[in-house]
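Q: I'm new to this one, so could you walk me through it once it's on screen? I'll start with the pocket and then jump around a bit.

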Amino acid sequence: MNLPKVQFTEEQKQFRQEVRSFLKQHIEKGTFETRCDSWLSGSNPDFSKLVAEQGWIGMTWPKQYGGKERSTLDRYILTEEFLAYGAPVAAHWFADRQTGPLLLRFGTEYQKEFFLPKIVKGECFFAIGLSEPNSGSDLASVATRAEKVEGGWIVNGAKTWSSNAQDSHYMVTLIRTEPLGEKKHEGLSQFIIDLKGEGVTITPIRYLTGEPHFNDVFFDNVFVPDEMVVGTLGNGWKQGLAELAFERSGPERILSTFPLLNEAIEELKKKRDLSGLEEAMKLVAELWSLRNLSIGVAKVLEEGGEVIIPAALVKSIGTKFEQKIPEIVRLLLDVYPDLQSEKDIERYLAESILHAPGFTIRGGTSEVLYGILAKGVVAQ
């Protein structure tokens, strides 16, 4: 894959310390509660506003839209620290990670000027509308349809597994705008839908922990104006694939259960359990390899390169690694998982066990990703 080896600069190392100081300060103040899987389950709009005040949302975007024009590696450092500390970043996560880059690449000037500054200020959150009920992992079997009317489109259908839709203002939605032909990937377009608009109903799909995060979103004769069509009509599939590259390659695919691993290592140190530490260090070594792979993908993204294949690799290996951590910790430590516990190790273990089954499904199942990798190998 020819991924580059990345060395962080002194300025980037100083930035990491700045982010750590910010997080430690707010943890001590009680601004937020740390948790595992915080990029999905930790939705805290007030905390997102604090992050925005630091200039850390949309930090890689052009200054004309409110961004800071910082590097992708700076954003990687920020993301890594947020996840390692278990900070609640889910509210702004998808707008920052996916929607902004999508609009910068495919959006109209009106869309960029209207949405991007609001995202940067922590005032506008986005959900992603891809999967549909009864479709499984066949993303192209889109049944949600749009009918052209004067000044816009009328949308009917449903999306499912839409992360954080309950707290979001808008959704980038994959919709069929042309009759289904021989190639079902064709005739699809992306619309920006106002989730507070008439005809939109959001129903939470609760985690095993009881928390709302995933959602069913229903569209009943929802009007979408022409200016909310993203990119080119009929090009939705290709645009969506480009968007998924941002979703699959980041450190969130290897660090969802890192707070548990870190806490477990501290417990093993206290007990002077050398054999347990030896097993834990195997996980650390695996994490380090995955991290280098993920950072290499981030560098290629920064340079405008193609990352569909390596991004699929990061996601497929990384999420299995995330699932492995609670299983091994459970065997190494005599700890009872308890969501209500004041002890981080017990709460992290409970969160990880209950969230882990979904790691290899969300963002593309492992089987789908294996297919992408196989096609890439054949192409080479």
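Q: By class, what does the lining of the largest pocket have?
A: In this predicted model, the lining of the largest pocket has 22 nonpolar, 17 polar and 10 charged residues. That makes up a lining of 49 residues, and those nearest the pocket's centre are S131, I361, G363, G364 and T365.

Q: And which element gives the most to that lining?
A: Helix α7 does, with five residues, while the other elements that give two or more include α5, β6 and α10. The space in this pocket comes to about 1300 Å³.

Q: Switching topic, how many salt bridges are there in the whole structure?
A: A search of the whole structure finds 22. In one of them, the side chains of R16 and E81 meet at 2.6 Å, N to O, and this pair links helix α1 to helix α4, with the two positions 65 residues apart in sequence.

Q: Is R16 buried or exposed there?
A: R16 counts as buried, because its relative accessibility is 11%, and E81 is buried too, with a relative accessible area of 3%.

Q: What else does E81 pair with?
A: E81 also forms a salt bridge with R20, where the closest N and O atoms are 2.8 Å apart. R20 lies in helix α1 and E81 in helix α4, so this pair ties together parts that are 61 residues apart in sequence. R20 itself is partly exposed, at 27% relative accessible area.

Q: Last one: what do the buried residues of α8 pack against?
A: They pack against α4, α9, α10 and α11, and among these buried residues are F258, L261 and L268.

Technical notes:
Residues numbered from 1 in each chain as written. Predicted model: local features only at pLDDT ≥ 70, side-chain atom pairs only at ≥ 80, totals over all residues. Heavy atoms only, no water. 1 Å grid on protein atoms, 1.4 Å probe; cavity = no way out; pocket = protein on both sides within 12 Å on 5 of 7 lines; lining within 4 Å. Points joined across faces, edges and corners; volume = space filled by probe spheres on them. Helix = DSSP H or I, 4+ residues; strand = E, 2+ residues; numbered from the N terminus. Nonpolar A, V, L, I, M, F, W, Y, C, P; charged D, E, K, R; others polar. Buried < 20%, exposed > 50% of the residue type's maximum accessible area, 1.4 Å probe, protein only. Contact = heavy atoms within 4.5 Å. Salt bridge = Lys/Arg side-chain N within 4 Å of Asp/Glu carboxyl O.
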